[in-house]
Amino acid sequence: MKLYVGVLSLFSAKARIALSEKGVEPELVTVGWSREHRYLPHHPDVAALNPKAQVPVLVDGDVVVYDSTQIFEYLEERLPEPPLYPDGIADRARCRRLEAHADETWFPQVWDLIEQRFYADGSGSEQQAAGANSAITALYEELDKELLTREYLCERFSVADIAMFIQVHTAGVLGAPVPEGCEAVASWCRRVSERGSVAPVLSDMLKAAVKVRAQA
Ligand SMILES: N[C@@H](CCC(=O)N[C@@H](CS)C(=O)NCC(=O)O)C(=O)O
């Protein structure tokens, strides 16, 4: 399988972790990205394969899948073992809801931190960052309740953990770490970051971020 990714793309990181959990070592194609021009010009393959010209894009023979959530769903059917969704219908619905919550509720707040602390290097709107910080604190408290009695968000390590962890980890790196009192989130973070599928992806992203900073 071939996976088109961005060096600092959170959605690409989701797809990479899921592939690794499924025991697949894809051919990684890293698309061009710079702080100044971001993803422009788009990689020609990605522009041809995805009408939104976004990564990640997975190519498996003749099959093209884009959007990290669609990639999760495809991989689960293509390679059912080990499962990355829980078994029951209601639990699977909850798992999808938590994944969507990470992508659709956490990410916009994390994106405000990325804009402020990474792209604008702290020179952007402090008000925007402060708003994101307080929204993220509330999200941490809510997440802590989900994790109080659980090792992972669902009955086993799942796509919900992958999606949520990527947001939580990025928030932490950008100045919104797990607050005191959210011990369940803190220990879940340790468990997830120690997984063999996760550590290499975090390490690649860290190396890329350090390189970008050095060039600034
Ligand atoms: N909903 C999509 C979002 C993908 C996305 O936003 N990709 C960004 C990188 S993280 C991208 O390729 N942006 C390039 C652009 O929009 O020009 C997913 O889950 O894969």
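A polar contact is taken here as a pair of N or O atoms within 3.5 Å. By that yardstick, Gln-54 makes it into the picture of this predicted model: an N or O atom in its side chain sits 3.4 Å from an oxygen atom of the ligand. Two nitrogen contacts join it. At Val-55 the partner is a polar backbone atom, 2.8 Å from a nitrogen atom of the ligand. At Asp-67 the side chain does the job, with an N or O atom 2.9 Å from a ligand nitrogen. Taken alone, the ligand would expose 510 Å², and the protein buries 76% of that.

Gln-54, Val-55 and Asp-67 belong to a ring of neighbours around the ligand that also includes Ser-9, Phe-11, Tyr-39, His-42, Pro-56 and Ser-68. Sorted by class, this shell comes out as four nonpolar residues, four polar ones and one charged. As for where the ligand sits, the space it takes is the largest pocket.

Turning to the aromatic side chains, a search of the whole structure turns up nine aromatic pairs. One of them brings together Trp-33 and Phe-118: the ring centres are 6.2 Å apart and the planes meet at 25°, so this pair counts as stacked, the cut-off for that label being under 30 degrees. Trp-33 comes from the loop between strand 2 (27–30) and helix 2 (44–49), while Phe-118 is part of helix 4 (residues 89–119), so the pair ties together parts that are 85 residues apart in sequence.

Terms used:
Residues numbered from 1 in each chain as written. Predicted model: local features only at pLDDT ≥ 70, side-chain atom pairs only at ≥ 80, totals over all residues. Heavy atoms only, no water. Near = heavy atom within 4 Å. Polar contact = N/O pair within 3.5 Å; in protein donor to acceptor, adjacent residues only side chain to side chain. Areas by Shrake-Rupley, 256 points an atom, 1.4 Å probe, with all protein chains shown as cover. 1 Å grid on protein atoms, 1.4 Å probe; cavity = no way out; pocket = protein on both sides within 12 Å on 5 of 7 lines; lining within 4 Å. Sits in = over half its atoms within 2 Å of the grid points. Nonpolar A, V, L, I, M, F, W, Y, C, P; charged D, E, K, R; others polar. Phe/Tyr/Trp six-rings, centres within 6.5 Å; stacked < 30°, edge-to-face > 60°. Helix = DSSP H or I, 4+ residues; strand = E, 2+ residues; numbered from the N terminus.
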